[in-house]
Amino acid sequence: MLFTASLCVAQQPNVVIIYVDDLGYGDLSCYGAQKVNTPNVDALADNGIRFTDSHSQAATCTPSRYSLLTGNYAFRINADVLEGDAPALIRPGTPTMAEMFKQNGYRTAVIGKWHLGLGNGDVDWNGIVSPGPLEIGFDYSYLIPATGDRVPCVILENHQVLNLDKDDPITVNYKTKVGNDPTGIEYPELLSQPADAQHGKTIVNGVSRIGYMTGGNAARWKDETIPYQMLSKARDFINKSEDSPFFLYFAFHDIHVPHMPDLPFRGATSMGLRGDAIVQMDYITGKLVDFLKKENKLDNTLIIFTSDNGPVLHDGYGDGAMELVGDHKPGGIYRGGKYSNYEAGTRVPFIVSYPQRVREATISDALIGQIDIYASMAELLGYELTNDEAGDSRQMLSTMLGEEEDGRVYLLEEAFSYAYRKGDWKYIKPVSDTQPYNWIKQRGIEDGNSTQEQLYNIKDDPQERHNVADKYPKIVKKLRNELDNILQ
């Protein structure tokens with residue numbers, strides 16, 4: 001790897017990626033929400049670039065996170081949503097954005113939700129858990145190993161579970177029950193919110209999860225305190241980065257299920273726990289930005305705020321999110337949501353703040369993908385990517401900083417099929433059978449899967465109501481061929 005930056009390392013900007021979970025395009029007041037107020041995130045937009053056609057690379061979390069950190073589409077390694085005990089998806093030796101920053105003199109950290117697998121397949125949660133983030137470029141990690149609705153419900157700091165009592169070892173199993181811990185299926189009366197069968201396994205903190213867990217009682221998290229713990233660790237990391245620039249990947253668990261905002265935020269909205277979790281996320285974001293300002297680091301820090309995929313109201317728990325949403329539109333004007341090929345599956349908030357270079361609020365309608373962050377950060381550093389590095393990422397730094405209006409020429413989006421955006425056109429690849437995706441519809445989401453080819457003009461028909469594939473066969477053929485070339 002080459003370091004060709006013209007600036008000395010000490011002058012390089014700090015970089016913070018704030019990665020929210022399941023936050024929809026319409027879930028922020030700066031993107032039009034009226035039932036929830038997000039003043040701290042809005043402040044980033046008021047002093048930065050707010051993108052209106054920005055996309056996660058997939059409509060689910062693991063593939064999006066893989067693409068963000070590697071600069072490659074997740075389909076290239078057949079990445080799907082991982083269980084909590086899955087082996088490390090990004091193997092040691094794989095080029096990552098964290099490794100790139102580290103090679104260029106940065107201190108690096110990931111704090112928050114990981115969900116990219118750990119270990120080699122048979123994780124010993126009572127010992128050293130490796131490989132993980134530290135083997136792919138991060139100097140420090142403080143993790144939810146998978147998601148909040150999956151066991152093990154513990155925090156992993158670097159290679160070890162925090163607060164683990166060696167006399168109460170952890171056992172995790174995703175197929176058969178282990179130990180005698182009550183489950184949500186067996187004892188629904190113990191739950192603070194009802195759960196479906198998938199989420200009805202071991203109960204932790206009054207909430208049943210996906211998978212079985214026994215032991216590790218002293219190490220089990222309390223959902224309500226996780227955001228504060230993340231904030232505290234982020235502050236510590238920033239404090240310890242006095243002599244070098246830093247890269248912080250700050251990955252919220254909010255607003256993923258289970259929605260468990262702390263008591264001060266409960267009742268903050270009329271939309272129940274999901275709405276309240278958005279307010280909590282906004283508060284923590286504000287506190288992180290305030291700390292950067294207090295430490296005189298904000299002006300020289302590039303902050304990217306975005307989400308891993310689109311919104312979902314019902315995702316395994318009966319917490320009132322669907323019943324209380326009212327006229328709030330989590331996906332804005334767009335159709336679909338998490339898991340969907342339609343626009344709301346991947347069209348997400350994307351805000352760039354960099355006070356030293358971006359001094360006026362700008363709204364950009366450039367087509368941009370999170371996969372481009374890797375190559376754009378290389379451009380920021382003056383770093384030349386190697387041939388085997390971030391192959392699907394494109395340099396978009398000038399667009400991200402509002403200095404150019406041009407966006408991507410094309411963009412691939414992964415759901416359970418593939419969508420392909422080029423200009424105002426969007427093509428959705430057909431599936432052989434729609435039945436396997438009925439579970440998405442049961443969550444109240446239009447999945448966008450069809451046995452027929454679909455073509456939409458997003459400018460004229462942003463809600464994707466009028467399939468014009470039959471009307472424009474030449475465009476269908478062109479986009480189909482371009483997509484197939486990428487897939488092959």
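**Exercise 1. The sheet**

Determine the order of the strands in the open sheet of this predicted model, and state which strands stand at the edges.

*Solution.* Step 1: The open sheet has ten strands, and their pairing is mixed. Step 2: Their order reads E6-E5-E4-E3-E11-E1-E12-E13-E2-E14. Step 3: Strand E6 (160-161) and strand E14 (362-369) each have a single partner strand, so one side of each lacks a neighbour in the sheet. These two strands therefore stand at the edges.

**Exercise 2. A strand pair and a helix**

Describe how strands E2 and E13 pair, and identify the strands that helix H1 touches.

*Solution.* Step 1: E2 (residues 49-55) pairs with E13 (residues 350-353) over three bridges, in the antiparallel sense. Step 2: Phenylalanine 51 has phenylalanine 350, in E13, as its bridge partner. Step 3: Helix H1 (residues 39-46) packs on the sheet and touches E2, strand E12 (301-307) and E13. The direction of H1 makes about 65° with that of E13.

**Exercise 3. Helix H7**

Explain why helix H7 is described as largely enclosed by the rest of the structure.

*Solution.* Step 1: A residue counts as buried when its relative accessible area is under 20%. Step 2: The buried residues of H7 are Ile373, Tyr374, Ala375, Ser376, Met377, Ala378, Leu380 and Leu381. Step 3: Eight of the nine residues of H7 (residues 373-381) are buried, so the helix is largely enclosed. Step 4: H7 lies across strand E1 (14-20), E12, E13 and E14, and runs at about 175° to E12. Step 5: Glycine 382, with a positive phi near 70°, follows H7.

Notes:
Residues are numbered from 1 along each chain as its sequence is written. This is a predicted model: local features need pLDDT of at least 70, side-chain atom pairs count only at pLDDT 80 or more; totals for chains, interfaces and linings use all residues. Side-chain values use heavy atoms; hydrogens and water are left out. Buried means under 20% relative accessible area, exposed over 50%, partly exposed in between (1.4 Å probe, protein chains only). Helices (H or I, at least four residues) and strands (E, at least two) are DSSP runs, numbered from the N terminus. Two strands pair if DSSP finds at least two bridges between them. Contact means heavy atoms within 4.5 Å. Axes are lines fitted to C-alpha atoms, for helices over the stretch in contact, and angles run from 0 to 180 degrees between N-to-C directions.
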